[in-house]
Amino acid sequence: MDIELMISSFPKLLNATLITLKLLSVSLIVGLFIGLGFAILRMNNNKLINKFAYGYSYIFRGTPLLVQIFIIYFGLGQIEYLRTTFLWVVLKEPYWCAIIAFSLNTGAYTSEILRSAFQTIKPGYLEAGRSLGIPSKIIFTKIQIPIAIKQSLPAYGNEIILMLKGTSLASTVTLMDLTGVAKYIISTTFKPVEVFIVAGGIYLFMTFIIHNVIKYLEKKYGFQT
Amino acid sequence: MELLYFGDKGWGDELFFATLMTIAVSITAMIIGFLFAALFTPLKLSNNKVLNSIGNAYTTVIRGVPELLVIYLFFFGGSGAIMFVASIFGYNEYIEINAFLTGSFSIGIISGAYSTEVFRGALQSIDKGQFEAAKVLGFNKYIYFFKIILPQMLRLAIPNLSNVWQITLKDTSLISVTGLVEIMRQSYIAAGSTRDPLFFYSFAAVLYLILTFLSMQLLNRLETKYSKGY
């Protein structure tokens, strides 16, 4: 055990954790909106729109995240037309490519979580709302969304943890996130166990925090529906 | 489409064998995972505090740490550990372990943590009366476990195990970083030499979609078979 290496690599790894957290938070926020959008499309009665939303979530959940990042980072740059548009400013940066891939990926999972949450809302709540003469927009924002959020909290908590682990793939497109720096230190010092303990410890600490925050929210907002 | 020709001109045969490799690694990893689950599920259900915390530590650590980090640990640490053991027996040459074994083992450990949770959940949701009845009727241990508990457990576990299979299948893409030539690695090589990454990575995505789709069909059939009579 090389304790010295563990102590000296800790600040470097902690610094890299900032990038991991940035990637995680930005993609979760964007992914939440994508997920909400596609969940609404999934509940649409139009078959074509429905199929489109289903196809989106099927493709992103059925392929590895690594493939998605590689398609966006290595693949899209190949299209000549894209290089001439303003999109290229975004797509040539590995940071934004990672964020796009993560957001689309978590968006697909989130849409499934939200859809099942919406569908388990008892029809009685909506009927009660309608019979009280509440406009359907307000039924949606004031009744459906709050209940759906509460019901999807446990599953969404898992998704956040999965996404935290997913951000480690950013290291494959040259980003120096926690895993990227850990790999760099391992390959220069050949001390995998020590680095794994420190980096893994940081990840576990983050999972622990996320887990407890979600548990707290569940308790605070949880009610029987 | 020329890029997909079999033979020297295209990458069809290479990608075909790479797909077989992905399937082989996934199945091996799944089996290794079951072995880990068979070891750790009893620990997690044990009343002994020490054993229990060992089981919990395994599932918590593996499920809380990114797969890539676990793979790096075994990729860089695996041959070191084996050389250390070998040096005890007086063998001091450099040993390089097979990428297939390292890959399957690291993915297997990850998949084992998920399988452990699935088996634990399934065992816990079997009605207590079943255990008691089997004991009271004086069945021997073999019948007790294989004829009474296991079939009931499998019925409850199979739907969740098919999720574990999906996760395992997708995780195998990560061992491309160790150089094992499976779908992802082969696409990387092909993309590099033809300068057509968009095509090859999209094709890799299609291959994964086909694999997940086909395996879901098979697993759904298995699910109906095991839930017969319910």
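In this predicted model, 38% of the 225 residues of chain A count as buried. The chain is built from 10 helices and has zero strands, so that its elements read α-α-α-α-α-α-α-α-α-α from the N terminus. The C-alpha trace of chain A extends over about 70 × 50 × 25 Å along its principal axes. Among contacts in chain A with a separation of 6 or more, 78% join residues that are 24 or more positions apart.

**The nonpolar core**

The largest nonpolar core comprises 105 residues, and Ile69(A) and Ala204(B) have the most contacts inside it. Helix H6 of chain A, residues 94-119, gives the most to this core, contributing 11 residues. Apart from neighbours within four places in sequence, Ala204(B) is in contact with Val67(A) of the other chain and with Ile183(B), Met184(B) and Ser187(B).

**The interface between chains A and B**

At the interface, 32 residues of chain A are in contact with 27 residues of chain B. On the chain A side, the elements that give two or more residues are helix H2 (47-62), helix H3 (65-75), H9 and helix H10 (192-221). H10(A) supplies the largest share of that side, eight residues. By class, the side of chain A that touches chain B has 19 nonpolar, 11 polar and two charged residues.

One part of this interface is the pairing of H10(A) with H3(B), whose axes come within 9 Å and cross at roughly 170°. Because an angle over 145 degrees counts as roughly antiparallel, H10(A) is roughly antiparallel to H3(B). From H10(A), the contact uses Pro192(A), Val193(A), Phe196(A), Ala199(A) and Gly200(A); from H3(B), it uses Leu69(B), Tyr72(B), Leu73(B), Phe76(B) and Gly77(B). These residues divide into eight nonpolar, two polar and no charged.

H10 of chain A also takes part in the surroundings of helix H2 of chain B. The buried residues of H2(B) pack against H10 of chain A, together with helix H1 (12-45), helix H3 (67-88) and helix H4 (99-124) of chain B. Those buried residues are Gly55(B), Tyr58(B), Thr59(B), Ile62(B) and Gly64(B). H2(B) itself covers residues 49-64, which is 16 residues, and reaches 22 Å from its first C-alpha to its last, close to the 22 Å expected at 1.5 Å a residue.

**A helix pair within chain B**

Helix H6 (residues 141-171) and helix H8 (residues 197-226) of chain B pack at an angle of about 170°, their axes lying 9 Å apart. H6(B) is therefore roughly antiparallel to H8(B). On the H6(B) side, the residues that meet H8(B) are Leu154(B), Arg155(B), Ile158(B), Pro159(B), Ser162(B), Trp165(B), Gln166(B) and Leu169(B). Their counterparts in H8(B) are Leu211(B), Thr212(B), Ser215(B), Met216(B), Leu219(B), Leu222(B), Glu223(B) and Tyr226(B). This contact of H6(B) with H8(B) consists of 10 nonpolar, four polar and two charged residues.

Phe199(B) also lies in helix H8 of chain B. It counts as partly exposed because it has 18 C-beta neighbours inside 10 Å. Phe199(B) and Phe145(B) are 54 residues apart along the chain, and their C-alpha atoms are separated by 51 Å.

**Helix H9 of chain A and its flanking loops**

Lys183(A) lies in helix H9 of chain A, residues 178-189. With 25 other C-beta atoms within 10 Å, Lys183(A) is buried, because 20 or more suffice for that class. Not counting residues up to four places away in sequence, Lys183(A) touches Ser171(A) and, in chain B, Tyr72(B). Tyr72(B) is also one of the H3(B) residues in the contact with H10(A). Between Lys183(A) and Ala199(A), 16 residues apart in sequence, the C-alpha to C-alpha separation is 9.8 Å.

Thr174(A) is found in the loop between helix H8 (136-166) and H9 of chain A, whereas Phe190(A) is in the loop between H9 and H10. Each has a positive phi although Thr174(A) is not a glycine and neither is Phe190(A). The table sets out the values for these loop residues.

| Residue | Phi | C-beta neighbours inside 10 Å | Class |
|---|---|---|---|
| Thr174(A) | about 70° | 11 | exposed |
| Phe190(A) | about 55° | 11 | exposed |

Conventions
Residues numbered from 1 in each chain as written. Chains lettered and ligands numbered in written order. Predicted model: local features only at pLDDT ≥ 70, side-chain atom pairs only at ≥ 80, totals over all residues. Helix = DSSP H or I, 4+ residues; strand = E, 2+ residues; numbered from the N terminus. Buried ≥ 20, exposed ≤ 12 C-beta atoms within 10 Å, placed from the backbone. Contact = placed C-beta atoms within 7 Å. Core = buried A, V, L, I, M, F, W, Y, C linked by C-beta atoms within 7 Å. Nonpolar A, V, L, I, M, F, W, Y, C, P; charged D, E, K, R; others polar. Axes fitted to C-alpha atoms, helices over the stretch in contact; angles between N-to-C directions. Parallel < 35°, antiparallel > 145°, perpendicular 65-115°, else oblique. Expected span 1.5 Å × (residues − 1).
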